[in-house]
Amino acid sequence: METVQDIVIVGAGISGLTTSLGLHRLGIRSLVLESSDRLRITGFAFTTWNNAWRVLDAIGIGESLRRQHDLTPSILVASTFLVQPASEISFNGHEVRCLQRRLLLEALANELPRDTIRFSSKVVSIEESGFFKRLHLADGTVLKTKVLIGCDGVNSVVAKWLGLQKPVFTGRSAIRGHTRFEGGHGFGPKFRQFVGKGVRSGFLPCNDENVYWFLTWTPSTKEEELEDDPVKLKQFVLNKLEDTPDDMKFVVEKTELDSIASNQIRYRRPWELLWGNISKGNVCVAGDALHPMTPDLGQGACSALEDGIVLARCLAEALSKPGGEEIKEGEEHKRIEMGLKTFAEKRRWRSFDLITTGYMMGFIQQNNGMIMSFLRDKFLSKFMPGMLLRKADFDCGKLEY
């Protein structure tokens, strides 16, 4: 037996839930399919910049999240290659906070109507069905939908259906962790980052008790085997942090084993966004399904939030009924197609820019060559934080259309 939905969003991550909540604020209901049996909190936390807070305010959850996360005043960048003082760049005039992923997803989910999210619902195939798409789920359920939105991450089923290639391995890997200090950590709110010898690491407090940390490096074949063993991961990170200050090591040492995760860093080749299908008919992708990128700009989650509000706005305009009149099925399908094309055009160059800039910044920051390391640590490190702020000073507009 088939059930029919107006809008189905695949994936209850940041972009999926933001899109759904944006649509809800505009009076449009959607169904979110999530393959896991609960909200996914992998990644623990991420940096949120001006562009992200504009979105969070637009969908009405910014203030509640601000109360739980401290403002980050500056970033300290230190070299582990050259003996020189750390350079500090102020974030004055910019809103920068380290946001816990769990709290964001819960805030988004709690604002949605009951039964909007359907857990344990994995899409295994997609078929054409006239003006609809037919979705086959792993449990045998079949859904028909007027609009299909893929927010299902780097291994997106929807992106594959659109003909987009799988994201490619950059040659770099990341280990991330979250450390809770009962009674307070005492580090203050500054973002600390350490670069050199082929490794980039750092930590950033979310609030008085919670600290997020990361390490990226270029692994050998043997090191790739560490991915599923948290004990080895933790020791590996501590070995890599040999030349970093004691504070960084202490944060990692205090991390519980279930709060450490590793993954290969993948990205979508930027030219695929120019020539590939971001949307096709009544189908499109957003978030990591659209623009997986390296973490060097700190814009992966922020741009997923941008996607959500732009997509909700474009769809709401497409589905609006001028004068309250009913729209014929064929005309409605055409309007949906044009709405998704508008979304694709609005997000194509922004995504291209973030992927390309992030990749180049990662290459420079993690390069282990003597000349590049010297130039980076002596000169470029002072300009890179400014690049972060410039890319974050982006306004994707209000929710209203």
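**Exercise 1. Classify R134 by accessibility, then find its salt-bridge partner and say what the pair connects.**

Step 1. R134 has 19% relative accessibility and therefore counts as buried, since the cut-off for buried is under 20%. The model used here, and in the exercises below, is predicted.

Step 2. The partner is E2: the two side chains form a salt bridge with an N to O distance of 2.4 Å. This pair ties together parts that lie 132 residues apart in sequence, because E2 belongs to strand 1 (residues 2–10) and R134 to strand 9 (residues 132–137).

Step 3. E2 has a relative accessibility of 34%, so E2 counts as partly exposed. The bridge thus has a partly exposed end at E2 and a buried end at R134.

**Exercise 2. Decide whether D307 and R347 are buried or exposed, and locate the two residues in the fold.**

Step 1. D307 is buried, at 0% relative accessibility. R347 is also buried, with a relative accessible area of 1%.

Step 2. In the salt bridge between D307 and R347, the closest N and O atoms are 2.6 Å apart. D307 sits in helix 9 (residues 300–319) and R347 in helix 10 (residues 329–366), so the pair links parts 40 residues apart in sequence.

**Exercise 3. Describe the bridge between E95 and R97, and list the residues of the salt-bridge network that includes them.**

Step 1. The side chains of E95 and R97 meet at 2.9 Å, N to O, in a salt bridge.

Step 2. E95 is buried with a relative accessible area of 16%, and R97 is buried with 10%.

Step 3. Through shared partners, salt bridges join D57, E63, R66, E95 and R97 into one network.

Step 4. For the overall tally, the model holds 25 salt bridges. The rule behind the count asks for a Lys or Arg side-chain nitrogen within 4 Å of an Asp or Glu carboxyl oxygen.

**Exercise 4. Place Q299 in the chain and describe its surroundings.**

Step 1. Q299 is found in the loop between strand 17 (283–285) and helix 9.

Step 2. With 0% relative accessibility, Q299 counts as buried.

Step 3. The side chain of Q299 makes a polar contact of 2.7 Å with the side chain of N51.

Step 4. When neighbours within four places in sequence are left aside, Q299 is in contact with W49, N51, M293, E306, R350, L354, K391 and A392. N51 thus appears both in this list and in the polar contact of Step 3.

Key
Residues are numbered from 1 along each chain as its sequence is written. This is a predicted model: local features need pLDDT of at least 70, side-chain atom pairs count only at pLDDT 80 or more; totals for chains, interfaces and linings use all residues. Side-chain values use heavy atoms; hydrogens and water are left out. Helices (H or I, at least four residues) and strands (E, at least two) are DSSP runs, numbered from the N terminus. Buried means under 20% relative accessible area, exposed over 50%, partly exposed in between (1.4 Å probe, protein chains only). A polar contact is a pair of N or O atoms within 3.5 Å; within protein, one must be able to donate a hydrogen and the other to accept it, and residues adjacent in sequence count only if both atoms are side-chain atoms. Contact means heavy atoms within 4.5 Å.
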